[in-house]
Amino acid sequence: TTTSTTTLEPCLGYWSEWSNRNTPNITARGDHESPENLCRSTDTFNNIHCEAVKKPNRPISETTDRVTCDSQGLKCTPPPSDISPMCLDYRIRVCCVIVSTTTPTSTITPTTTSTTTPTTTSTVTPITTSTPTITSTTTSTIITTACSRRGPWTENCAIKDCVDGQIVTIKQCTQEKPTCPNHLKPIEVINECGCQSWECGCECRVWGDPHYITFNGLNYNFFKDCTYILVEERDPKYNFTVQVDNYLCIPSYPFSCPKALNIFYKGIRMTISTNAAFELTVDGSQKEIPHTVGDISVTQQNYWSVHIYFSEIKTTIVASRNNFKIMVAERFFYNNTQGQCGSCTNTSTDDCMRPDGKIEPSDCCHQTALDWKVDDPNKPHCNSAPQNQSCVPEIKPTCPPDVLEAPVCDVISETPFENCSTSVLEPYSKSCREDYCLTKSIELTCENVEAAADSCREDTCVDWRSSTDQCPFPCNATFIYKPCERKGDDYCENNKLIPGMMFASYEEGCFCPPGQKLSEDKKNCVSTCCLDNNGTRRAEGEHWRDPNNSCTSYRCVHSIVITETKSCDSQTVCSESFRIWDADKCCYTCRGCLDSNGTRRAEDERWADPSDNCTSHECKDSIIRTQTKSCAVQPFCSESEKIWDAEHCCHECIEQVSNCKKLQSALNVTKILNNRTCAGELTLFMCKGFCGGSTKFNTITDKIEHTCECCREEESESKTTTFECEDGETEIYKYTDITKCGCESNVCPEKQIGF
């Protein structure tokens, strides 16, 4: 019985990638898949979709397993062993819901402090000034369920597009295997949805020292070290040819291994070498992998293999060390191939064919293979290599009993391969023991087991390396080994995360650990795709500023670099010395006050009103405070008799009394000092008033006597002040000021009047 507590409804967020972390085996016969960590770190999920790997796009109710699929994940309870050995292999995906975020807004507002004024002889009246309030707004692109991409794209084995701002699936491609006519086999191709799927065709494999399985499944050995045609068209339509370059791979042994393929297609010559490291040349120029030319794409699937895909003719070549696989589509190459790989007809009677079209018996391929030699200037010894040899039985090596017990080869008949067809494994088991017999090479025996596992992975996971320590699969520091992966790593491109390709069968290789993705050059695993302008990788959620624009910053959100631009409202212009910047040094407010003439006044600065001597202003806390001086009742007197205060606001009149007073007066003085015109304001004391005087007749002298007194200084002191000159410099001006006044007599000139 099958139980499912979820209903597949339209996803209002986005579907995660398929997850298949556990695969049933003979020791752990059940299956379980957790929904945790399938969405991005900031998102959650609200629905789950489960299906059997072998029954894609079909409800799990069609299986006979006891399986549940709910918010806790998938769980399959293994059936009794007498009914079925194990559960089917299941995978899950979840509908991820994006947690919405708001657009941040920051506001900078100066604080206004109210000030009261003592009520003495002056009052303080606040004046409303145009001190600006600076508001800055940060805008950014937030990831939502809407989209803004232009044109359709491929993702999760589907063609998607933006329609009215929403992601819409235009077409969902299937990865279900077809049933092929004429005894052909399903081969892996890349479909229009950008993922691996199946198409009927033919597969040829060359591996080891070397062993061949033709397009029609015929197995033979061929040990020569020249360059030969593996595949070419009988009737050229696409100008497609593949040559194999063999070399003597084991010192002191006359056995060869395939080290490179020469590929010709539509006038392009491409060579992929796997001898020491992968090397790709196109038309004589060395190229980096990955590389695309025309409809040919070359990708390094992992550290150990390179895939070459021809999209127009649906042909795939997989190259690894001493191991090549060529898969051609029936609709392009059926009954139109020849070479060491034979004919794509799935009848082995015509596989051993010579270039002149003569078909030899099925046990003669090791001889007809000689005739497909091509001239190679790097191998002059091959010019005299034998051809047109008669068909004689292939000489099989005789191995001593101890060699037959090759421990690595035994893995092929053990538990890791128990779900594989014996007929599929037989040629690899046989070639493995032969290679070990001839060479004692652990490397070659490992390559045979690797080829056997690869041929079986179309239908089941084969985790064989854990059963032996003789065949390691090393990965560099950032990768981990995975024996049975169904999806390529997500990868970084132009500050975006691109989903990896969905595989049609299980793939072995070096993959990124969970939560990581391939770097831009596909050489390392990284935690995020966000790069700043200097190429420095930024962490998920990290926020950083543009070094050249303080109003622009960036944030890493779901491995996408989001640009945030801060705008400043009501920006007031003032000189740098008056600016108060915000924390980002993007927006500022102006300190001080703006007077009625538009002049910026500094904090605590005081100045007189130009139109009213009794009014002054002061800048306090960015607000102009006005002070008005009140005068007592002003006496009436002529202008010459008025004595003004320092502000020239209030005055007194000279008293008409017989006394001498010291009075203060303010003067604006202009002087020539050191040949420069300088000016300043002086506050001076003056002596003013009336002193006593008399006129009388002296009877002794018989004369009129005059007694005269003048109001004048009695004491004075020297002072200095600073004048400002017209050239902006200053000069010291020295002057004498009165400190005491009094009436002084006997200063009037004498005038005698006689009788």
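A surface patch here is built from residues with over 30% relative accessible area and no salt bridge, and nonpolar side chains are joined into one within 5 Å. Keep that in mind for Val163, Val168 and Ile170, which make up a nonpolar patch on the surface of this protein. What you're looking at is a predicted model. Strands are the main theme below: the protein has 52 of them, along with five helices.

**The whole protein**
- Of the 755 residues in the protein, 45% are buried.
- The protein exposes about 39400 Å², and 49% of that comes from carbon and sulfur atoms.
- Take the contacts between residues at least 6 apart in sequence: 53% of them join residues at least 24 apart.

**The nonpolar patch**
- Together, Val163, Val168 and Ile170 offer about 220 Å² of accessible area.
- Valine 168 belongs to strand 12, which covers residues 166-172.
- With a relative accessible area of 30%, valine 168 counts as partly exposed.

**A three-stranded open sheet**
- Strands 2, 5 and 4 form an open sheet in the order 2-5-4, with antiparallel pairing.
- Strand 2 (31-33) and strand 4 (66-70) sit at the edges, each pairing on one side only.
- From one strand to the next, the twist averages 10 degrees.
- Five bridges link strand 4 to strand 5 (residues 73-77), again in the antiparallel sense.
- If you want a spot to look at, find cysteine 69, which stands opposite leucine 74 in strand 5.

**An enclosed strand**
- How many of the ten residues of strand 32 are buried? Ten of the ten are, so strand 32 (residues 502-511) is largely enclosed by the rest of the structure.
- Strand 32 pairs with strand 29 (residues 480-487), running antiparallel over five bridges.
- Lysine 487 is found opposite methionine 502 in strand 32.

**Strands toward the end of the numbering**
- Strand 51 (residues 709-725) and strand 48 (residues 676-689) run antiparallel and are joined by two bridges.
- Cysteine 678 has cysteine 725, in strand 51, as its bridge partner.
- Strand 51 also pairs with strand 52 (residues 730-745), this time over 15 bridges and in the antiparallel sense.
- Here, too, two cysteines face each other: cysteine 711 stands opposite cysteine 743 in strand 52.
- Which kind of unit do strand 51 and strand 52 form? They make a hairpin with four residues between them.
- In the turn of that hairpin, glycine 728 has a positive phi of about 95 degrees.

Key: Residues are numbered from 1 along each chain as its sequence is written. This is a predicted model: local features need pLDDT of at least 70, side-chain atom pairs count only at pLDDT 80 or more; totals for chains, interfaces and linings use all residues. Side-chain values use heavy atoms; hydrogens and water are left out. Buried means under 20% relative accessible area, exposed over 50%, partly exposed in between (1.4 Å probe, protein chains only). Contact means heavy atoms within 4.5 Å. Accessible areas come from the Shrake-Rupley method with a 1.4 Å probe; for residues, only the protein chains shown count as cover. Two strands pair if DSSP finds at least two bridges between them. Patches are made of residues with over 30% relative accessible area and no salt bridge: like charges are joined within 9 Å, nonpolar side chains (Val, Leu, Ile, Met, Phe, Trp, Tyr) within 5 Å. A salt bridge is a side-chain nitrogen of Lys or Arg within 4 Å of a carboxyl oxygen of Asp or Glu. Axes are lines fitted to C-alpha atoms, for helices over the stretch in contact, and angles run from 0 to 180 degrees between N-to-C directions.
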